[in-house]
Amino acid sequence: MTAIKSGDPTTLNRLYGRSSGHKLRLGQQALIDTLLPQISVPDEGEITSRALFGDDRPLHFEIGFGSGEHLAHRADLLPDHGFVGAEPFLNGVATALGHVRDGPLRNVRLHMGDALEVLRRVHDGSLLMIYLLHPDPWPKARHAKRRMVNDGPVRLFADKLKPGGELRVATDHPVYLEWALTVMQRHTERFEWLAEKPSDFLEPPSGWIETRYGAKSRREGRRPYYLRYRRSAQ
C-alpha cells in the first residue's frame, strides 16, 4: 500500500482539477486573446500596488475567483482599491473578463493559473484583504493536503496581509468548515477570528454578493458559512 505523503498546497506545487470545460464562445475567446494580456499579472517580479496600478492604493487578492462575480462586485464597489484575482479554470477566467469589460473595471488584474505562485511574489504586509470563497473541499481524508486552508498557505496569508488586514473564507461543506476552524486555531498568534455570535459566521459580511455557486448551494439545501480573520499586529 502506498503511504499518504505529507504536505500542503505550498509544498505540493501542482494544481488539481480541470483547467477547462466546454468550448469557449467566439466572444469569450476574443476576451482571452485581447483583454487578458492587457490586465494580466506580470509573469515575473515583485507584485506591488504601484507595479500593477501605478499608485499606492489598497490591494485585495482573491484565490480561485470562479466566474468573477464577487471580484467584479468588490472592484466596482471600491474603485480606488486594486483587485488581483487568480483562477486556473479557463472558462471562469473568460466569464470574469466579461465582467471587467462590461464594468468597465480598470482596477482589476487577473492571473490564469496558480494563485500561490502569484501570492508568493506579493510584497509582504501589503494586502488589505484575501478572499478564499468556496474552495474545493477535497472531502476525502487522503486529499486533505490539497486544501487551501492548511498551515503552509495560512502562514503565507499572514505574511502578505498588513496588520489589521482580513482573511475571508466561505464554504458550504461541513468537512471543510471543521478543517478550516481547526487549522486556523493553530494560528491564533497571527489571526483573530472575528466571530462573537452565530450570526457572525452564518450571515455574509458587508459588501458580499451571492455568486452563482452560492445560489446553487442554497437551492440544493447547503448552508454557507463565512469565516473572517483579522491579521494581528504581531
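Which strands does helix H8 (residues 174-185) lie across? In this predicted model, helix H8 lies across S4, S5, S6 and S7. The helix runs at about 15° to S7. The strands beneath this question belong to a sheet, and the sheet is described next.

The sheet is open and is formed by seven strands, in the order S3-S2-S1-S4-S5-S7-S6. The pairing within the sheet is mixed. Strand S3 (108-111) and S6 are the edge strands, each pairing on one side only. On average, neighbouring strands of this sheet are turned by 20° against each other, direction ignored. Parallel pairing is found between strand S2 (residues 82-86) and S3, which are joined by four bridges. Within this pair, Gly85 stands opposite Leu110 in S3. A further helix, H7 (residues 151-160), packs on the sheet. Helix H7 touches strand S1 (59-63), strand S4 (127-133), S5, S6 and S7, and the direction of the helix makes about 140° with that of S5.

Strand S7 can be considered together with the strands that pair with it. Strand S5 (residues 161-171) and S7 run antiparallel and are joined by six bridges. Glu166 stands opposite Arg230 in S7. S6 and S7 also pair in the antiparallel sense, over three bridges. Here Trp193 has Tyr229 in S7 as its bridge partner. Five of the seven residues of S7 are buried, so this strand is largely enclosed by the rest of the structure. As a general point, the side chains of a regular strand alternate between the two faces of the sheet.

Charged side chains provide a second set of contacts. In general, side chains of opposite charge can pair when their charged atoms come close. With a cut-off of 4 Å between a side-chain nitrogen of Lys or Arg and a carboxyl oxygen of Asp or Glu, the count comes to 13 salt bridges. One of them is formed by the side chains of Arg230 and Glu192, at 3.1 Å from N to O. Arg230 lies in strand S7 (residues 225-231) and Glu192 in strand S6 (residues 191-193), so this pair ties together parts that are 38 residues apart in sequence. Both ends of the salt bridge can also be described by their accessibility. Arg230 is partly exposed, with a relative accessible area of 35%, and Glu192 is partly exposed as well, with a value of 43%.

Another salt bridge links Glu220 with Arg222, and the closest N and O atoms of this pair are 2.5 Å apart. Glu220 counts as partly exposed at 45% relative accessibility, and Arg222 counts as partly exposed at 29%. Elsewhere, Glu166, Arg168 and Arg228 are joined into one network by salt bridges that share partners. Glu166 of this network is the residue that stands opposite Arg230 in S7.

A salt bridge is also formed between Arg50 and Asp56, with the closest N and O atoms 2.9 Å apart. Is each partner buried, partly exposed or exposed? Arg50 counts as partly exposed because its relative accessibility is 47%. Asp56 is exposed, with a relative accessible area of 60%.

Definitions and conventions
Residues numbered from 1 in each chain as written. Predicted model: local features only at pLDDT ≥ 70, side-chain atom pairs only at ≥ 80, totals over all residues. Heavy atoms only, no water. Buried < 20%, exposed > 50% of the residue type's maximum accessible area, 1.4 Å probe, protein only. Helix = DSSP H or I, 4+ residues; strand = E, 2+ residues; numbered from the N terminus. Pairing = 2+ DSSP bridges. Axes fitted to C-alpha atoms, helices over the stretch in contact; angles between N-to-C directions. Contact = heavy atoms within 4.5 Å.
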